[in-house]
Amino acid sequence: DKYPRISRNKIAWVSDEGTESEIFLTSHGPAVKKLRHRNRNPGEVLRIIGNDFGDTQGDSVVRINNKIYDSTSPKVKLWSDTKIKIRIPKFKCEWFKGQDSRKRKVWVTVDGIDSNLKRFQVVRPGNCP
């Protein structure tokens, strides 16, 4: 008989005799599990929680609608395999078009593979008429 032993990226089967065979699991790309603080004011930090973002940003990017934030962007404040912190861009009052907030889509692209997307609200600042 063989007994499975599961770790983060592999499954190993160990026989009664102690011999082991392994299967390494491959990632299907980055995944955004949730956003912390889904209602953000312009200039505040949005936390993207997920997996397989990579330990460093490298060539990976965060996309907020049609804007791309690469490793040269000062808006990206933290990048780890499971968490990204990005500062929400500042929008002029006119961008809100008289609404209290506007929805934006956010997703991550790692090694050319897009994650799922999540939506968050950019809240109109109190100083907007």
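A residue counts as buried when its relative accessible area is under 20%. In this predicted model, S60 has a relative accessibility of 5% and is therefore buried. S60 is placed in the loop between β6 and β7. Beyond its close neighbours in sequence, within four places, S60 makes contact with F53, Y69, D70, S71, W79, T109, V110 and D111.

We can turn next to the sheet. An open sheet is built from four strands, which follow the order β4-β6-β10-β9 with antiparallel pairing. At its edges are β4 and β9, each of which pairs on one side only. On average, and with direction ignored, neighbouring strands of this sheet are turned by 20° against each other. In general, the strands of a sheet pair through backbone hydrogen bonds, in either a parallel or an antiparallel manner. Between β4 and β6, which run antiparallel, there are five bridges. Within this part of the model, A31 stands opposite N51 in β6.

The nonpolar interior comes next. The largest nonpolar core holds 20 residues, and those touching the most other members are L46, I48, V62, I86, V106, V108 and F120. Two or more residues each come from β4 (31–36), β6 (45–51), β7 (61–64), β9 (76–79), β10 (83–87), β11 (101–110) and β13 (118–123). The biggest share is that of β11, which gives three residues to this core. L46 offers a helpful view of the surroundings: with neighbours within four places in sequence left aside, L46 is in contact with L35, R36, H37, R40, I84, K85, I86, I88, V106 and F120. Among these partners, I86, V106 and F120 also appear in the group of core residues that touch the most other members.

Finally, there is the matter of cysteine pairing. The model has one disulfide, which joins C93 to C128 with an S to S distance of 2.1 Å. The torsion about this S-S bond is about -85°, so the disulfide is left-handed. C93 belongs to the loop between β10 and β11, whereas C128 lies in the segment after β13, so the pair ties together parts that are 35 residues apart in sequence. The two cysteines can also be described by their accessibility. C93 has a relative accessible area of 26% and is partly exposed, while C128, with a relative accessible area of 9%, is buried. The value for C128 is under the 20% limit, and C93 falls in the range between 20% and 50%.

Note on methods: Residues are numbered from 1 along each chain as its sequence is written. This is a predicted model: local features need pLDDT of at least 70, side-chain atom pairs count only at pLDDT 80 or more; totals for chains, interfaces and linings use all residues. Side-chain values use heavy atoms; hydrogens and water are left out. A nonpolar core is a set of buried Ala, Val, Leu, Ile, Met, Phe, Trp, Tyr and Cys residues joined through side-chain atoms within 4.5 Å. Buried means under 20% relative accessible area, exposed over 50%, partly exposed in between (1.4 Å probe, protein chains only). Contact means heavy atoms within 4.5 Å. A disulfide is a pair of cysteine sulfur atoms within 2.5 Å. Two strands pair if DSSP finds at least two bridges between them. Axes are lines fitted to C-alpha atoms, for helices over the stretch in contact, and angles run from 0 to 180 degrees between N-to-C directions.
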